Amino acid sequence: MIELKQVSFSYDGSAFPVVHDLNLTVQKGELVVITGKSGCGKTTVTRIINGLATHFYRGALDGQIVIDGQNQHDIPFWKIGKRIGAVLQDPSSQFFADQAIDEIAFGCENYGMERHEMQRRISRAAEKTGSTALLDQRLYDLSSGQQQRLAIASIYAISPDIYVFDEPSANLDSEAVERLRLLLGALKKEGKTVLISEHRLFYLAEVADRIVCMKNGVFTKTFSSAELSRLNTDDLRWFGLRCAALPVLNTRAQCTHKEEAMVIEHLSFAYKKTPVIHDFSMQIGRGEVVALTGPNGAGKTSLARILSGLITEKSGRILVEHHSASRRLRRKLVFFVMQHADSQLFAESALEEIRLSAQAPEQAETLLESYGLSPFKDAHPSTLSGGQKQRLLLAAAESMKPSILILDEPTSGLDGENMRLLAARMREFAARGKTVLVITHDQEFIALACSRLIRLEHGRKIFDKQIM
């Protein structure tokens, strides 16, 4: 179904190929995972296969791409979308409609399906992805995880022969990841061909036929699921991979807090007339790295936006360092690293991005080096991979030396090596007496970095324990 023959690709303006001399064959009904360190070329491979590399991003392509026996060059671009369904890394970047139900219908309408057939497909796609309750909502009122589910549903409704996913689990809670795993298994049974670019491998172990590792733009190693599960810690570090199985989090009743850095008392918030946060209270101590978890749409990002002063609470009180903190004061003391890095990157180069906000600009190069970004110091942030952008934004946040740092899904684009690097940086940050609140579904990261776990459901705190 997919053949890459000696494929190389360079983006316009780039002196070197991002990927080169790629050879890959994917059979009908196979599920193949491409993994590797951030910036190795995984996303570019997905763009080459779904046609976006040449038709949207533009660049020089060498070699041959064959889709179901036909040279991709001979397939009109509009037909590629009917054969190959693409779910992008940032789901909001592929939306066309305002309402969720209209987004799922959009592709079906484009391909001229009858109304009753569209309705059948919309219902089935929503059911398969757990999105039925979201159909009447506005897309941009949804959480990133809910948007991810809608993006998958919109492709499933078209029912292409080939599915190409780029980091499909990045924004999903544990229940949605399990639903995605079941959907992938169902696609295989239907004879669909699936290619996934992914760092998180734990949910794919039972459904993947092959895991292909990339490094510096080339395929370097291929594993079966069984071979992947046998890799030890040193092997995983060598390849820069995540674990094939999630670690178990051992918790205990919360002990006495350290010196209080932030206190939240009876906080409530609503978007228009829709309640989001209900009577939420918690204390965070100096030197703590606290994981805030919970299902998509639970109110986690809204809470972070309130704590960082981006939006105003409906009721309740927030104290920072024992003083009542207004929105204006919170914006000075709390730095919020948002989920999508592009919205917070402004400079012309990675180095200038750090200098732009650093309290000590002369330390910018040292900070870039600590996040593994020295080779990209002169690169424009927009040319970096998703994981590299994420690390650059984290470095910029650290350069400001905030008292409290809030991160929203900071590992969504990170490989195993850089996820472990970030965990170490957060522990160091906390050791200097700073406070970190991390919104995350990443159990592997929680086990490495966090000292406490809080779970939010329907805007209410239901769990608050220390991690042993």
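Is C243 buried, exposed or partly exposed? I looked this up first, keeping in mind that the model is a predicted one, and I found that C243 counts as partly exposed because its relative accessibility is 26%.

**Cysteines.** I then went through the cysteines for disulfides, and the count came to zero. A disulfide is a covalent bond between the sulfur atoms of two cysteines. For C243, which is in no disulfide, I noted that the nearest cysteine sulfur belongs to C213 and lies 14 Å away. C40 is likewise in no disulfide, and I found its nearest cysteine sulfur, again that of C213, at 8.8 Å. I entered C40 as buried, because its relative accessibility is 4% and the cut-off for buried is under 20%.

**Helices α4 and α6.** Next I turned to helix α4, residues 100–110, and helix α6, residues 144–158, which pack at an angle of about 35° with their axes 8 Å apart. I recorded their crossing as right-handed. On the α4 side the contact is made by A100, E103, I104, G107 and C108, while α6 contributes L150, A153, S154, A157 and I158. Sorting these contact residues by character, I have seven nonpolar, two polar and one charged.

**The seven-stranded sheet.** I traced an open sheet of seven strands with mixed pairing, and I wrote down the order as β11-β21-β20-β14-β19-β18-β17. Its edges are β11 (251–253) and β17 (334–337), each of which pairs on one side only. From one strand to the next, the twist averages 25°.

At the β17 edge I looked at the pairing with strand β18, residues 404–408, and found the two strands parallel over four bridges. Within this pairing I noted V334, whose bridge partner in β18 is I404. I also saw that helix α14, residues 386–399, lies across β17 and β18 and runs at about 175° to β17.

**V7.** Which strand holds V7? I placed V7 in strand β1, which covers residues 2–11. V7 counts as buried because its relative accessible area is 0%. Leaving aside residues up to four places away in sequence, I listed what V7 touches: V19, H20, D21, L22, I48, L61, D62, G63, Q64 and I65. For one of these, V19, I also looked up the separation: V7 and V19 stand 12 residues apart along the chain, and their C-alpha atoms are separated by 7.6 Å.

Conventions:
Residues numbered from 1 in each chain as written. Predicted model: local features only at pLDDT ≥ 70, side-chain atom pairs only at ≥ 80, totals over all residues. Heavy atoms only, no water. Axes fitted to C-alpha atoms, helices over the stretch in contact; angles between N-to-C directions. Left-handed = near helix turned anticlockwise from the far one by under 90°. Contact = heavy atoms within 4.5 Å. Nonpolar A, V, L, I, M, F, W, Y, C, P; charged D, E, K, R; others polar. Disulfide = S-S within 2.5 Å. Buried < 20%, exposed > 50% of the residue type's maximum accessible area, 1.4 Å probe, protein only. Pairing = 2+ DSSP bridges.
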